[in-house]
Amino acid sequence: VAFVKARLQAEGKDVVVVDAGCTGEPAVEADVDRADVFLAAGVTLQAVQQRGDRGYAVSLAAEGVRNLICDAADRGQVDGILALGGSAGTTIGTAAMRALPLEVPKVMVSTMASGQTRPYIGGRNILMLNSVVDIAGINRISRTVLRQAAAAMLGMLDHFGVGPVDDEDRPLIAATMFGVTTPCVTHAKQILEKAGYEVLVFHATGNGGEAMEGLIRDGLIAGVLDMTTTELADELVGGVLSAGPGRLTAAAEAGVPQVISAGACDMVNFGSPDTVPEKFKDRTFHEHNASVTLMRTTMDECQQLGEEIGRKASASTGPVSVMFPSLGVSAIDVDGQPFDNWAARMALWEGLTRNCSAKVELSLHQNTINDPEFAEAAAQRLLAMLSAVADCLQ
């Protein structure tokens, strides 16, 4: 910590050190001490020490650091954040990073960076740098890595926003896409862009949906074209591409206009065939490629998905439309393709009709999701909603 601090200060940066430790004596003087960190989580340092539970201490340290840094960010006092650690330090550091806006540079030097990083990164723009050796002093390896970490932070601080930024004043629309819904979203995107919007497309692989929800909560998104809600199926059934239980909630809470469909809700995602749980052995599968195995959702699962979409759409505080393509919700859920199942689609529709309240504009379309007519109808509906909101604000 002292080494990185000195590197940053040598380049004229003000550095505030936060000590999130719990036991032992601090090895470096901190500007925010550990007692303040735990107080920010609603508990005293002494109480945490007396309990003697490492997991409990790490969770509270993460909460305290997040609260302190978010408060400082609200006061305009955070230009960047850099943290060092193993699994505990990474949990603590990234908890604060995930809560900060997109424009704040975030660097995490971590022993965990070469493994599964999604629990730490979530949907945020966090740069994770593999520490190579443990965070346990300065040596010829750690010195190189820590210099690179400091240089990365300095580069982001000194060069952020350099050069022209195209379309920075165009309102943003978030759209969700999968390979099996690409024609729909591509066509709708062209229509929205011609109307003067910038469209951000999120790949509905769990992390994509999570990232989109975060940007909506940041207040950056004017409208949502949520054509591909397949991550809900993975959350429900246990696939590998879930975006968590918060998927399809941010726009509803923020009152952002949204057009929703059931794109790719015919499938649950797994890795290679040998990764599919034994309990699903009698289900219908399609090998998307060698590392992606798709499993057809059942009628019961489809009805539950329709009900969840309807429930979440009905919670919206802004305008919301749910559009359902009755002839297929993905490229392989159409006539002649492996997941074509009229009864399952109608179960989805039944779930939607059961839970969509009167505030939701619910419509059934005699199209597949990738028909140009369906894509155009969805784009035009969103444009009409955005126009109505703009008129109300004038």
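In the predicted model, the largest nonpolar core (a set of buried Ala, Val, Leu, Ile, Met, Phe, Trp, Tyr and Cys residues joined through side-chain atoms within 4.5 Å, where buried means under 20% relative accessible area with a 1.4 Å probe, protein chains only) holds 32 residues, of which Phe 38, Val 48, Ile 69, Ile 81 and Met 128 touch the most other members. Two or more residues of this core are given by each of α2 (34-39), α3 (45-51), α4 (54-74), β1 (81-85), α5 (87-98) and α6 (118-121), these elements being DSSP runs numbered from the N terminus, with helices (H or I) of at least four residues and strands (E) of at least two. The largest share, eight residues, comes from α4. A second, separate core of 27 residues includes Val 268, Met 295, Val 322 and Ala 344.

Residues are numbered from 1 along each chain as its sequence is written. Because the model is predicted, local features need pLDDT of at least 70 and side-chain atom pairs count only at pLDDT 80 or more, while totals for chains, interfaces and linings use all residues, and side-chain values use heavy atoms, with hydrogens and water left out.

The axes of α4 and α5, which are lines fitted to C-alpha atoms over the stretch in contact, with angles running from 0 to 180 degrees between N-to-C directions, come within 7 Å and cross at roughly 25°. The two helices α4 and α5 are therefore roughly parallel to each other, a term for angles under 35 degrees. Where they meet, contact (heavy atoms within 4.5 Å) involves residues including Val 58, Val 65 and Ile 69 in α4 and Ile 92 and Ala 96 in α5.

Methods: Buried means under 20% relative accessible area, exposed over 50%, partly exposed in between (1.4 Å probe, protein chains only). Angles under 35 degrees count as roughly parallel, over 145 as roughly antiparallel, 65 to 115 as roughly perpendicular and the rest as oblique.
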